[in-house]
Amino acid sequence: MPKKARSYLGRLASATDQLFRREAIEQFAAICYRKVGDNLVEVLLITSRDSGRWIIPKGWPIAKLAPHQVAEREAWEEAGVKGKARKRLFGFYTFQDAGQR
């Protein structure tokens, strides 16, 4: 097993009971940014249609597409942003479905 996978699984180990009580959800997101001048970075946020909250473009897994490809597609579909996503995982966020989908 790759070192990164062991690290991720190790972090989840302490939450095993919670993870198995409800359905774990997996989505892929794009953190879209651009450099402005020498010292500034702008990060793109969009509003969700349902709640109007500020979010990053994200979506469900798509068969035959790698996670970074899904992130690229979601950035284009939800925000009209075209770019190249890195294949390397930037981070993760784990949550449970509370039946609100």
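Start by selecting R34 and E42: their side chains meet in a salt bridge, with 2.6 Å from N to O. Keep in mind as you click around that this is a predicted model.

**Stop 1: the R34–E42 pair**

Show both side chains as sticks. R34 counts as exposed, at 54% relative accessibility, while E42 is partly exposed with a relative accessible area of 38%. Now switch on the backbone of the two residues. R34 has E42 as its bridge partner in β3, so the two are joined through the strand pairing as well as through their side chains.

**Stop 2: the hairpin around them**

Widen the selection to residues 33-36 and 40-43. These are strands β2 and β3, which run antiparallel and are joined by 4 bridges. Together β2 and β3 form a hairpin, with 3 residues between them. Select G37 in that turn and check its backbone torsions: phi is positive there, at about 70 degrees.

**Stop 3: a nonpolar patch**

Next, select I31, Y33, V41, V43, L45, W54 and F90 and turn on a surface. These residues make a nonpolar surface patch of about 830 Å². Pick out L45 from the group. L45 sits in the loop between β3 and β4, and is partly exposed, with a relative accessible area of 43%.

**Stop 4: S48**

Move along to S48, in the loop that runs between β4 (46-47) and β5 (54-55). Is S48 buried or exposed? It counts as buried, because its relative accessibility is 18% and the cut-off for buried is under 20%. Which residues does S48 touch, once its neighbours within four places in sequence are left aside? Select R53 and I55 to see those contacts.

**Stop 5: I62 and its partners**

Now go to I62, which is placed in the loop between β6 (58-59) and α3. I62 is partly exposed, having a relative accessible area of 26%. Setting aside neighbours within four places in sequence, I62 is in contact with V70 and R73. Try a distance label between the C-alpha atoms of I62 and R73: they are 10.0 Å apart in space, and the residues are 11 apart in sequence.

**Stop 6: the E72–K84 pair**

Select E72 and K84 for another salt bridge, this one at 4.0 Å from N to O. The pair links distant parts of the chain, 12 residues apart: E72 belongs to helix α3 (residues 67-79), and K84 to the segment after α3. K84 is exposed, with a relative accessible area of 74%. Side chains of opposite charge can pair when their charged atoms come close. How many salt bridges does the structure hold? There are 2, so you have now visited the R34–E42 bridge and the E72–K84 bridge.

**Stop 7: zoom out**

Finish with a cartoon view of the protein. Its secondary structure comes to 3 helices and 6 strands, and the pattern along the sequence reads α-α-β-β-β-β-β-β-α. Colour by accessibility next: 16% of the 101 residues count as buried. The protein exposes about 8,800 Å², and carbon and sulfur atoms supply 53% of that area. For a last view, try a contact map. Among contacts with a separation of 6 or more, 53% are accounted for by residues 24 or more positions apart.

Conventions:
Residues are numbered from 1 along each chain as its sequence is written. This is a predicted model: local features need pLDDT of at least 70, side-chain atom pairs count only at pLDDT 80 or more; totals for chains, interfaces and linings use all residues. Side-chain values use heavy atoms; hydrogens and water are left out. Buried means under 20% relative accessible area, exposed over 50%, partly exposed in between (1.4 Å probe, protein chains only). Contact means heavy atoms within 4.5 Å. Accessible areas come from the Shrake-Rupley method with a 1.4 Å probe; for residues, only the protein chains shown count as cover. Patches are made of residues with over 30% relative accessible area and no salt bridge: like charges are joined within 9 Å, nonpolar side chains (Val, Leu, Ile, Met, Phe, Trp, Tyr) within 5 Å.
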